[in-house]
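Trainee: I have a structure to go through with you. I want the reasoning behind each label.

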Amino acid sequence: MRIIHVIRLACILSIFVPALVFAQSEEIRQKYERFDDLLGIGSFFDNHLTGFVLVDLDSQQVIYEKNSHLNFIPASTVKIFTFYATLKTLRDSTHTFRYVTEGNTIKIWGAGDPSWQYHKVNNNSRIDQFLNRFSEIQLSYNNWKDHAFGYGWQWDDYYYAYSAERSPLPIFGNLAIFNIQQKKPQAQVPVFASMIKTYDKSTWKMERDLHSNTFFYNPNTYNQARAELPFITSPELTQQLMEYLLKKKVSLHTQTLPANHKLFKSGSLRPLWIELMQESDNFIAEQLLLMVSDYLFAELDAERAIEFIQKTYLNDLPDKAQWVDGSGLSRHNLSTPRAMIQLLSKLEEELPRAELMRIFPQGGINGTIKNNYKAQRPYVFAKTGTMSNNHSLIGYIKGDSGRVYAFAFMNSNYLNKASEVRREMEKVLLFVKEEF
C-alpha cells in the first residue's frame with residue numbers, strides 16, 4: 001500500500017520531494033491511488049515523459065505531483081510568461097509608436113503594437129486619425145534591434161499565417177490576404193497585387209517564395225477561398241502600406257530617438273490578451289514582448305526584455321525557465337510544471353483570479369479548448385501548448401466542491417496523436433472535477 005499526504009506548495013517549489021508520504025484518511029488514500037492509476041506505471045502516460053501537479057493555491061497545498069521538477073517544452077504555454085510580462089510593465093495600454101513633431105511634420109518610431117488594421121483584433125482607426133493630422137510623415141527603424149524571426153523558429157514555417165514576421169510597426173498583422181475572385185486570387189491590399197505570379201506546381205493553394213514577396217498559384221488547380229500568407233517585412237514595405245492607408249506621402253528617416261519624444265498609445269491591451277490567451281496568436285505574443293521591450297528600453301529587443309523580466313520579476317521561481325521567445329514557437333523554450341504553477345500564483349498578484357479565468361480559454365466554450373473538456377458548466381480554464389510530440393495544458397480547474405485549483409499538465413516525446421493525449425488528459429481532469 002502506497003503512503004500519502006498533502007504537502008505544502010513551498011516545499012515542492014523549493015526542492016523535489018515525494019508527494020505521497022503518509023496516509024491521512026482512507027478517502028484520501030483512495031484518491032491518490034486513483035491518481036496513480038491514471039498517471040503512474042502502466043497508464044497511458046507511462047509511455048512518454050509526463051509532468052503533472054495539482055495545487056490548492058489558497059491553502060498552499062500540493063494535492064498531487066508527478067515529475068514536477070523536470071523540464072518540458074512548453075510550446076504556446078510560454079505565452080503565460082509573455083502575458084505576465086505585459087501585466088508587470090504595460091499594464092493595460094498598448095505602445096504604438098514614439099514620435100516628435102515639427103510643425104505639420106511627424107517623425108515616428110514603431111513601438112511594436114500589432115493592432116493596426118489587424119483583422120483579428122480591430123482596425124484601430126485611432127492610429128489613422130492621429131497620423132492624418134500631419135501633412136508629412138517620416139518613419140524610422142532606428143530603434144529596431146531584433147530580427148524578423150525568433151531564436152529556434154522552424155525555417156519552413158515561413159509561409160504559414162501562424163509564423164508572421166516581427167516588426168516595429170506592423171500593419172495588417174504582417175499578413176498578405178488574398179480572396180478568390182473568378183477563380184483567381186485577388187489581393188485585399190493593392191500593394192500586393194503586382195506580387196502575384198503563376199506557376200505549374202500541382203497545388204490548390206497559394207504559396208510564397210522563401211526569399212521574396214512573390215506569391216504563387218496554379219491557375220489550373222487553385223481553389224482557395226481565402227489565403228493569409230506572411231510577407232517579408234522591411235521599412236520600405238511598411239512605408240508603402242502606410243501610404244496606401246493614409247493616402248499621403250510617407251518617407252523614411254534614420255534619426256535616433258530624441259529625448260524629448262512622446263508616446264502614442266492606441267488603446268487597451270485587453271483585446272490583445274484575449275486573442276493571445278484564447279486563440280494562442282503567435283504574432284500578437286511576439287509583438288507584445290516587443291512592446292514590453294519598448295516600455296523598458298525605448299527600443300525593440302525581445303531577448304533583452306526577457307532577460308530583464310526574468311531577473312527582476314521571476315527570480316523567485318523554483319526553476320529558472322529557458323525562455324527565448326514570446327510565442328513558444330521555439331523548441332529551445334523549457335520550463336518545469338512547478339515553475340508554471342508559481343507563475344500562475346504570480347499572475348494572481350496582478351489580476352483577480354476570476355478575471356484570469358475569463359481571459360484563459362474555457363473548456364467547451366471558447367479558444368483552443370472549445371471542443372475539449374466539455375461539461376454542463378465550464379470546469380477547465382487553461383492555456384494550451386502544442387507542437388509535434390509535445391502538448392501541455394496549464395491553468396485552473398474548478399471541482400464540483402466549488403473549490404478552484406491550479407494545475408500544470410505537461411507531456412513530451414510521445415508518438416501518439418495529440419488528440420489521443422488530450423483524451424487521456426481529460427480523464428485525469430474529470431477525476432479532479434468530480435472528486436475535489
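Trainee: This is a predicted model. What makes S9 and strand S11 a pair?

Mentor: Two strands need at least two bridges to pair. Three bridges join S9 to S11, residues 215–217. Therefore S9 and S11 count as paired. They run parallel.

Trainee: Which residue of S11 stands opposite Lys197?

Mentor: Phe216 stands opposite Lys197.

Trainee: What is the strand order in the sheet, and is the sheet open or closed?

Mentor: The order is S9-S11-S10, and the three strands form an open sheet. The pairing is mixed.

Trainee: Why are S9 and S10 called edge strands?

Mentor: S9 (196–198) and S10 (207–208) each pair on one side only.

Trainee: How do you know how far to trust the model, and what is the average pLDDT?

Mentor: pLDDT runs from 0 to 100. The protein chain averages 93, and 94% of the residues score at least 70. Two stretches need care. Over residues 1–7 the pLDDT is below 50. Residues 14–23 stay under 50 too.

Trainee: How many contacts does the model give those two stretches?

Mentor: Residues 1–7 have 33 contacts beyond near neighbours in sequence. For residues 14–23 the model has 25 contacts beyond four places in sequence. Where pLDDT is low, predicted coordinates should not be read in detail.

Trainee: What makes a space a cavity, and how many reach 30 Å³ or more?

Mentor: A 1.4 Å probe fits in a cavity but cannot get out. The count is one cavity of 30 Å³ or more. The largest cavity holds about 40 Å³ of space.

Trainee: Which residues line the largest cavity?

Mentor: Phe172, Leu175, Ala176, Ile177, Gln188, Val189 and Phe192 line the largest cavity. By class, its lining has six nonpolar residues, one polar and no charged. Gln188 is in the lining, and Gln is outside the nonpolar and charged lists, so Gln188 counts as polar.

Trainee: What is the volume of the largest pocket, and which element gives the most to its lining?

Mentor: The largest pocket has a volume of about 610 Å³. S15 gives the most to the lining, with four residues. Helix H7 (282–297) and strand S15 (380–387) each supply at least two.

Trainee: Which lining residues lie nearest the centre of the largest pocket?

Mentor: Of 31 lining residues, Ser76, Tyr162, Asn282, Leu329 and Thr386 lie nearest the centre. The lining has ten nonpolar, 14 polar and seven charged residues.

Key
Residues are numbered from 1 along each chain as its sequence is written. This is a predicted model: local features need pLDDT of at least 70, side-chain atom pairs count only at pLDDT 80 or more; totals for chains, interfaces and linings use all residues. Side-chain values use heavy atoms; hydrogens and water are left out. pLDDT is the predictor's confidence in each residue, from 0 to 100. Contact means heavy atoms within 4.5 Å. On a 1 Å grid over the protein atoms alone, a cavity is a set of points where a 1.4 Å probe fits but cannot get out, and a pocket is an open set with protein on both sides within 12 Å along at least five of seven lines; lining residues have an atom within 4 Å of a point. Grid points are joined across faces, edges and corners, and a volume is the space filled by probe spheres set on the points.
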